[in-house]
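Grab a pencil and work through these exercises with the structure open beside you. Each one sets a task and then walks through a solution.

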Amino acid sequence: MQNAANSGPLLRLTEVSRDFDVSRPWLNRVLEGAPHQLLRAVDGMSFELRRGETLALVGESGCGKSTVARLIVGLYTPTTGRIEFDGTDLATPAAAGLRRRMQMIFQDPYASLNPRWRVMDIVAEPIRVLGLAKSPAEIGERVAELLVQVGLAREDREKYPHEFSGGQRQRISIARALSGSPEFLVCDEPTSALDVSVQAQILNLMSALQEKLGLTYLFISHNLAVVSHVADRVGVMYLGRLAELADADELFAHPKHPYTRMLLDAIPDLEMSGNARTPVAGEVPNPLNPPPGCAFHPRCPHANERCRVERPAVLSHGTALVACHAVQEGRLSA
Amino acid sequence: MSEPLLEVKDLRVEFPTRRGTLTAVDRISFSIAPGEVLGVVGESGAGKSLTGMAIIGLLEPPGRIAGGEIRLEGTRLDTLPYEQMRRIRGRRIGAIFQDPLTSLNPLYTIGEQLVETILTHLDVSQAQARSRAIALLGEVGIPAPESRFDHYPHHFSGGMRQRVVIALALCAEPRLIVADEPTTALDVSIQAQIITLLKRLARDHGTAVLLITHDMGVIAETADRVAVMYAGRIAEIGPVRDVIHAPRHPYSVGLMGSIPKIRQHATAGAERERRPRLVQIEGSMPRLNAIPPGCAFHPRCPKRFERCDRERPEPIAIGTNQTACWLYAERGE
């Protein structure tokens, strides 16, 4: 933690967008006159991540939350915009050494571990690549330590991934992510492939590790109940844009954006309060052809003429950031 | 309660393998009344999908029903020859599966698929079948059903496809619908729409539903009664309200506790411990080749005692629930 004294945000995204080329093949374009087609998966996202906090990004499939995760760890490069880590732009050569301070945990623990490697090699790879330990004995000791830290046994070093259950595999992924001693973990749906009782184990483990190691998490999830358990702040995404960003307490108690309200309303209710829910009609539009103005307006009960033509800016409203004309104009009851 | 529509008694499903026989569903019994929604929850590998597959007669070989009986309105299904079962499936039992894309044939329009199903099971003319198909599409909430009739499955979004699958299951007015994870592949906002639809259809048509899911929230919203399965056995079965709010079996207690709920956040300031730990059940469900003797849950159970690893508990009625746990054997409330 050489930079722990630095008080600025750990990560800052400024107007980050990412386009994907989804055009037909060249020959079709020539013969059929099909146009070039770009899909804007992330559209002008700006937010900051404070040291030691957990920021969750939620949204439905295709809203761009996983693309944001991949942009941050550098698996994609942004089309426009800037991503700064600890004050340094990640696109500059000066950022080369910064990547080792962040790691990623993926959704599917069956696909993210090499089935032909022993756990020892999987967890030791970052240690070897980053040169954090020299002798084999030292590396072995470090791996054993990491496995014990995530609730596995020293002896598990010699096993292969297929000998473990889904939850145990996710523990191996976490051990691998921690082996490079990162300060920042990007977790892309880390528990959605797991059963609830195992999910509880992993979520508890993640918060224990955060407390012990002072980690910062970016937590990507589609499950609002999980998010309410882990997050300090929550960002809600819709069609590549930020709809609302607020403290978790505030967001769950007083959601502002109509989309956030809809998402919260759609969660099946375990309390069986018998409250009549109003399932919102409609579906997420095709991102190839997003609606003009506010992307949510075709499904929004509060949309008016302005919403259909003018894209709302992300503005602060109380302690929250909200991109909604109706909220800014005070047309929505609190 | 009226005569049960579906009665399952001591059902066993086995998989013979080279290294011995695996028992995936082990002597489970339950019944469903007409118009009732019975939820089956459990974690992966608990045997809930196999139970559904056994009822609709679609167990994949080498899996087979090794014991017990399944009766639909008095008719034994488990001993029926394949051809007869094929006629009951679709006519009297409808099925909805998790993935709406693989449940539809991509080469036929949804109209053709609906009409084919209707003509197979009902004695109607082509024109009648067509109008029934359009009516069904409208009923499951597909806008402008006449114009969507000639569209192919890939023209529809996931939620709309699942509506088409539900329409297919309803074609012949079945008495029972087996729905295996019908909302798992869908986003929350779409999931809520599909749950509401299923519930309304079951009520309007008096259709019984066997709803298989791992999502307790879906069960809470939809089911009348729920069976909690663990390692191929029913740990607890009872009215939804009682199982969720007053679970008796230690596994149900742990399962309920481990579900994250939207917390009514305390006012900021209470710094640490503002993130309460979820209840967790240590360990994981045993593999089928290593189901412990006695109660299958005993190695993970916080309340086990000496009897649990020797004898298997049978379901005991406590209040409105049936619980298979030795804790309640002597007391019998």
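**Exercise 1. Find how far apart the centres of domain 1 and domain 2 of chain B lie.**

Keep in mind that this is a predicted model. Start with the bounds: the domain assignment of chain B puts domain 1 at 93-171 and domain 2 at 235-261 + 278-328. Next, take the centres over C-alpha atoms; they come out 41 Å apart.

**Exercise 2. Work out which strands stand at the edges of the four-stranded sheet in chain B, and why one side of each is free.**

Begin with the strand order. This open sheet runs β2-β1-β4-β5 in chain B, and its pairing is antiparallel. Now look at the ends: β2 (20-32) and β5 (75-76) of chain B each have a single partner strand, so one side of each has no neighbour in the sheet.

Then zoom in on one pair. Strand β1 (residues 6-17) of chain B is joined to antiparallel β2(B) by nine bridges. For V8(B), the bridge partner in β2(B) is F30(B). Last, add the helix: α1 (residues 48-55) of chain B packs on this sheet, where it touches β1, β2 and β4 (64-72) of chain B, and its direction makes about 70° with that of β2(B).

**Exercise 3. Do the same for the eight-stranded sheet of chain B.**

The order here is β6-β7-β8-β3-β9-β10-β12-β11 in chain B, an open sheet with mixed pairing. At its edges you'll find β6 (93-96) and β11 (316-318) of chain B, each paired with a single strand, so one side of each is left without a neighbour in the sheet. Ignoring direction, neighbouring strands in this sheet are turned by 20° against each other on average.

Now check a pair: β6(B) and strand β7 (residues 176-180) of chain B are parallel, with four bridges between them. G94(B) has I177(B) as its bridge partner in β7(B). As for helices, α1(B) packs on this sheet too, touching β3 (37-41), β7, β8 (208-212) and β9 (225-230) of chain B at about 145° to the direction of β8(B). α6(B) lies across β6 and β7 of chain B, at about 170° to β6(B).

**Exercise 4. Say what feeds the largest nonpolar core.**

It holds 186 residues, and those with the most contacts inside it include L218(A), F219(A), L210(B) and Y230(B). Helix α6 (residues 158-170) of chain B is the top contributor, with eight residues. Domain 1 and domain 2 of chain B each put in at least three residues. For a closer look at L218(A), skip its neighbours within four places in sequence; its contacts then include L49(A), L55(A), I72(A) and V186(A).

**Exercise 5. Is A231(A) buried or exposed?**

First locate A231(A): it's in the loop between α7 (224-230) and β9 (233-238) of chain A. Then count: 25 other C-beta atoms lie within 10 Å, so A231(A) is buried, given that 20 or more is the cut-off. A248(A) is 17 residues away in sequence from A231(A), yet 6.3 Å away C-alpha to C-alpha.

**Exercise 6. Describe the side of chain B that touches chain A.**

The contact takes 38 residues from chain B and 35 residues from chain A. On the chain B side, α7 (188-205), α8 (216-222), α9 (240-245) and α10 (250-258) each supply at least two residues. α7(B) gives the most, with eight. By type, the chain B side divides into 16 nonpolar, 14 polar and eight charged residues.

Terms used:
Residues are numbered from 1 along each chain as its sequence is written. Chains are lettered from A and ligands numbered from 1 in the order in which they are written. This is a predicted model: local features need pLDDT of at least 70, side-chain atom pairs count only at pLDDT 80 or more; totals for chains, interfaces and linings use all residues. Domain bounds come from an automatic or database domain assignment. Two strands pair if DSSP finds at least two bridges between them. Two residues are in contact if their C-beta atoms, placed from the backbone, lie within 7 Å. Axes are lines fitted to C-alpha atoms, for helices over the stretch in contact, and angles run from 0 to 180 degrees between N-to-C directions. A nonpolar core is a set of buried Ala, Val, Leu, Ile, Met, Phe, Trp, Tyr and Cys residues joined through C-beta atoms within 7 Å. A residue is buried if 20 or more other C-beta atoms lie within 10 Å of its own, exposed if 12 or fewer, and partly exposed in between; C-beta atoms are placed from the backbone. Ala, Val, Leu, Ile, Met, Phe, Trp, Tyr, Cys and Pro count as nonpolar, Asp, Glu, Lys and Arg as charged, and the others, Gly among them, as polar.
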